[in-house]
Amino acid sequence: MTEEQYRKKMQRRKEVQEQRLQERSHEKGLIIVHTGNGKGKTTAALGMVLRSLGHGYKVAIVQFIKGAWEPAEKAVFSLWPAQLEFHAMGEGFTWETQDRQRDIETAQVAWNKALTFVRNPDYKLVLLDEVNVALKLGYLTVEQVLSGLDEKPADSHLILTGRGAPPALIERADLVTEMTLVKHPFREQGVKAQPGIEY
Ligand code: ATP
Ligand code: MG
C-alpha cells in the first residue's frame with residue numbers, strides 16, 4: 001500500500017467512525033445481565049460500580065447470596081460513604097440453613113430492600129449481585145423481578161449477576177454478557193480462592 005492509499009483508507013475509516021458516533025447519540029438507563037459459568041460476573045459489575053463512583057454517581061449494591069466479599073470489598077466500599085450503599089442480605093443461605101422457607105423469606109427481604117434502590121432516581125447504578133441464583137433456586141419469581149424492573153427510572157442502570165439467568169430476564173435486558181468457562185485454576189489445578197482475585 002502506498003502512502004497515498006494508506007492516507008485515503010484512514011480518511012475513510014475516520015468518516016465511518018464519525019458517522020457511527022453521530023448515529024449513536026442518545027443515552028439510556030440499561031438493564032444489564034452477567035451470567036454464565038465463567039469467572040467475572042461480579043467483578044465486571046464492580047468495574048462499573050467503580051466507574052460510576054468516579055463520575056460522582058450514587059450507587060447501591062445488594063448482595064443476594066452470601067459470598068466471599070468481605071473484608072476486602074467492604075473495606076473499599078467504606079471509602080465512599082456518601083455515594084455507596086452496600087447491603088449483604090444473603091447471610092446464612094441454603095446449604096447452611098437447610099431451611100427452604102427461611103431462605104425464601106431472606107431472599108424476599110433482600111428483594112424488598114433492592115426495590116427501594118431500584119425505584120429511587122438518586123441511585124444511578126444498582127447492582128443486584130447473585131440475584132439470578134436466588135431466581136434459579138426459586139426464592140424469587142421471575143414475574144416479581146420483571147415487575148421490579150418496570151419501576152426503574154429511565155436513566156438509571158441496573159445490573160443483575162449470577163449463573164443461570166432465566167430466558168425472560170435475558171429477553172428483557174439491554175446488555176447481556178455470558179461469561180464462558182474456558183479454564184479455572186480451581187478446577188484444573190486445585191488452586192484455592194486467592195485474595196485480590198476472588199475476594
Ligand atoms: P467473580 O466474583 O470472581 O467475578 P463470578 O461472579 O463470575 O466470579 P460466581 O458464580 O459468583 O462467579 O462465583 C464466585 C466465586 O467462584 C469466585 O471466587 C470465582 O473465582 C469462583 N468461580 C467462578 N467461576 C468458577 C468456575 N467455573 N470454577 C470454579 N470456581 C469458579
Ligand atoms: Mg458472582
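The second largest pocket of this predicted model has a volume of about 410 Å³. Its lining comprises 16 residues, and those closest to the centre of the pocket are Leu 30, Ser 52, Tyr 57, Lys 124 and His 157. The protein that holds this pocket has 199 residues, of which 40% count as buried. Its fold contains nine helices and six strands, and its C-alpha atoms fill a box of roughly 70 × 45 × 35 Å along the principal axes.

**The second largest pocket**

- Two elements, helix 2 (41-54) and strand 4 (123-129), each contribute at least two residues to the lining of the second largest pocket.
- Helix 2 provides the largest share of that lining, with three residues.
- By residue class, the lining of the second largest pocket consists of seven nonpolar, four polar and five charged residues.

**The magnesium ion (ligand 2)**

- Thr 42, through OG1, and Glu 130, through OE, coordinate the magnesium ion at 2.0 to 2.1 Å.
- Thr 42 belongs to helix 2 and Glu 130 to the loop between strand 4 and helix 6 (131-136), so this pair ties together parts of the protein that are 88 residues apart in sequence.
- Both Thr 42 and Glu 130 are buried.
- The backbone of Glu 130 has a positive phi of about 65°, although Glu 130 is not a glycine.

**The surroundings of ligand 1**

- Ligand 1 is surrounded by 14 residues, and the closest of them are Lys 39, Lys 41, Thr 43, Glu 130 and Glu 198.
- Glu 130 is thus named in two settings: among the closest residues to ligand 1 and as a residue that coordinates the magnesium ion.
- Lys 39 places a polar side-chain atom 2.4 Å from an oxygen atom of ligand 1.
- Lys 41 approaches an oxygen atom of ligand 1 with a backbone N or O atom, at 2.8 Å.
- Thr 42, which coordinates the magnesium ion, also has a polar side-chain atom 2.8 Å from an oxygen atom of ligand 1.

**Buried residues with polar contacts**

- Thr 161 is part of strand 5 (157-161).
- Thr 161 has a relative accessibility of 0% and therefore counts as buried, the cut-off for this class being under 20%.
- The side chain of Thr 161 is in polar contact with the side chain of Asp 129, at 2.6 Å.
- The side chain of Thr 161 also reaches the backbone nitrogen of Glu 130, at 2.9 Å; Glu 130 itself is located in the loop between strand 4 and helix 6.
- Ser 156 is situated in the loop between helix 7 (142-149) and strand 5.
- With a relative accessible area of 2%, Ser 156 is buried.
- A contact at 3.3 Å joins the side chain of Ser 156 to the backbone oxygen of Tyr 123.

**Exposed and partly exposed residues**

- Arg 187 is found in helix 9 (residues 185-188).
- Its relative accessibility of 58% is the reason that Arg 187 counts as exposed, a class that begins over 50%.
- Between Arg 187 and Gly 162 there are 19 Å from C-alpha to C-alpha, and the two are 25 residues apart in sequence.
- Ala 168 is located in helix 8 (residues 167-172).
- The relative accessible area of Ala 168 is 34%, and Ala 168 is therefore partly exposed.
- A distance of 9.1 Å separates the C-alpha atoms of Ala 168 and Glu 143, which are 25 residues apart along the chain.
- Trp 80 sits in the loop between helix 3 (72-77) and strand 3 (84-88).
- Trp 80 has a relative accessible area of 26% and is accordingly partly exposed.
- The C-alpha atoms of Trp 80 and Arg 119 are separated by 21 Å, with their positions 39 residues apart along the chain.

Terms used: Residues numbered from 1 in each chain as written. Chains lettered and ligands numbered in written order. Predicted model: local features only at pLDDT ≥ 70, side-chain atom pairs only at ≥ 80, totals over all residues. Heavy atoms only, no water. 1 Å grid on protein atoms, 1.4 Å probe; cavity = no way out; pocket = protein on both sides within 12 Å on 5 of 7 lines; lining within 4 Å. Points joined across faces, edges and corners; volume = space filled by probe spheres on them. Helix = DSSP H or I, 4+ residues; strand = E, 2+ residues; numbered from the N terminus. Nonpolar A, V, L, I, M, F, W, Y, C, P; charged D, E, K, R; others polar. Donors = N, O, S within 2.8 Å, 3.2 Å for Na, K, Ca; no water. Buried < 20%, exposed > 50% of the residue type's maximum accessible area, 1.4 Å probe, protein only. Near = heavy atom within 4 Å. Polar contact = N/O pair within 3.5 Å; in protein donor to acceptor, adjacent residues only side chain to side chain.
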